[in-house]
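These are my notebook entries on a structure that I had not looked at before. I wrote them in the order in which I looked things up.

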Amino acid sequence: MNSIPIPFAIGETVWFPGYGSREEWETCPDCAGSKVVTLIQGNGSRVDLACASCALGYEPPRGVIARRVSDRRPVPFTCGRVSLDGAKVRYSESPPDATAYASVDAEDLFRDHTACLARCAELNEQYAAEEERRLLANLQHNRRDMAWSARYWGRKVRELERDLALAKARLATSKDHEAVAR
Ligand SMILES: [Zn+2]
């Protein structure tokens with residue numbers, strides 16, 4: 001039978017990458033803060049659109065976007081109880097007789113403060129990369145939306161102009177008929 005080494009003693013205080021994050025506002029990468037995006041269509045015509053990248057829902061654009069920044073830092077963690085989750089050793093700060101407890105991986109606990117700082121930096125970087133992907137996906141989605149709405153409304157205007165021309169022509173013909181009938 002394999003035995004799993006228990007890395008920390010109950011009651012021992014070690015370091016854990018404590019949770020923390022903040023929101024940072026930055027100039028919208030799509031409209032550069034102007035709240036307007038100019039779309040140049042294939043035929044060279046330019047359309048000014050309210051920027052969709054810095055608008056929240058149906059609110060007007062704000063010229064800035066929010067980026068979530070992970071700010072994990074070492075915090076003291078006192079091992080209260082230990083449990084096994086498959087091959088993983090997990091610790092909780094709750095006493096062994098607690099009924100509800102949150103546990104963390106032993107791999108995320110460190111005796112050495114510097115090692116914990118390095119783990120925090122690694123986790124913060126991972127989060128930053130995910131946030132970058134999320135913002136990029138948002139940007140691409142919003143650009144598709146804006147291009148779609150410019151095409152849609154452009155087509156709508158052409159259809160309405162054509163209908164209007166047809167309606168005017170009909171009206172002109174029926175007036176001619178009236179004049180003939182009189
Ligand atoms: Zn914008």
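Entry on the sheet. I began with an open sheet of three strands, which in this predicted model has the order S7-S8-S9 with antiparallel pairing. I noted that the edge strands are S7, at 81-85, and S9, at 103-105, and that each of them pairs on one side only. From one strand to the next, the twist averages 35°. Looking at one of the pairings, I found that strand S8, residues 88-92, and S9 are joined in the antiparallel sense over three bridges, and that Tyr 91 stands opposite Val 104 in S9. I added a reminder that strands of a sheet pair through backbone hydrogen bonds, either parallel or antiparallel.

Entry on a hairpin. I turned next to strand S3, residues 36-40, and strand S4, residues 46-50, which pair in the antiparallel sense over five bridges. Here I saw Val 37 standing opposite Leu 49 in S4. The hairpin of S3 and S4 has five residues between the strands, and in it Gly 44 takes a positive phi near 90°.

Entry on the loop before that hairpin. I looked up two residues in the loop between S2 and S3, namely Ala 32 and Lys 35. Ala 32 has a phi near 55°, a positive value in a residue other than glycine, and Lys 35, which is not a glycine either, has a positive phi of about 70°. Are these residues buried or exposed? Ala 32 counts as exposed because it has 12 C-beta neighbours inside 10 Å, while Lys 35 is partly exposed, with 18 other C-beta atoms within 10 Å.

Entry on the cores. Which residues make up the largest nonpolar core? I listed ten residues in all: Val 14, Trp 15, Phe 16, Phe 77, Cys 79, Tyr 91, Leu 109, Phe 110, Cys 116 and Cys 120. Strand S1, at 13-18, and helix H1, at 113-181, each supply at least two residues of this core, and the largest share, three residues, comes from S1. I then followed Cys 79, which touches Phe 8, Ala 9, Ile 10, Gly 11, Glu 12, Val 14 and Tyr 91, leaving aside residues up to four places away in sequence. A second, separate core of six residues includes Cys 28, Cys 31, Val 37 and Cys 51.

Entry on a residue of the helix. I picked Leu 139, whose place is in helix H1, and I recorded it as partly exposed because it has 16 other C-beta atoms within 10 Å. Not counting residues up to four places away in sequence, Leu 139 touches Pro 29, Asp 30 and Ser 53. The C-alpha atoms of Leu 139 and Leu 56 are separated by 13 Å, with their positions 83 residues apart along the chain.

Entry on the whole chain. I counted one helix and nine strands, and read along the sequence they follow the pattern β-β-β-β-β-β-β-β-β-α. The C-alpha trace spans about 110 × 35 × 30 Å along its principal axes. I also noted a radius of gyration of 31 Å, where a compact globule of 182 residues would have one near 16 Å. Of the 182 residues, 12% count as buried. Finally, among contacts between residues at least 6 apart in sequence, 62% join residues at least 24 apart.

Key: Residues numbered from 1 in each chain as written. Predicted model: local features only at pLDDT ≥ 70, side-chain atom pairs only at ≥ 80, totals over all residues. Pairing = 2+ DSSP bridges. Helix = DSSP H or I, 4+ residues; strand = E, 2+ residues; numbered from the N terminus. Axes fitted to C-alpha atoms, helices over the stretch in contact; angles between N-to-C directions. Core = buried A, V, L, I, M, F, W, Y, C linked by C-beta atoms within 7 Å. Buried ≥ 20, exposed ≤ 12 C-beta atoms within 10 Å, placed from the backbone. Contact = placed C-beta atoms within 7 Å. Rg over C-alpha atoms; globule rule 2.2 N^0.38 Å.
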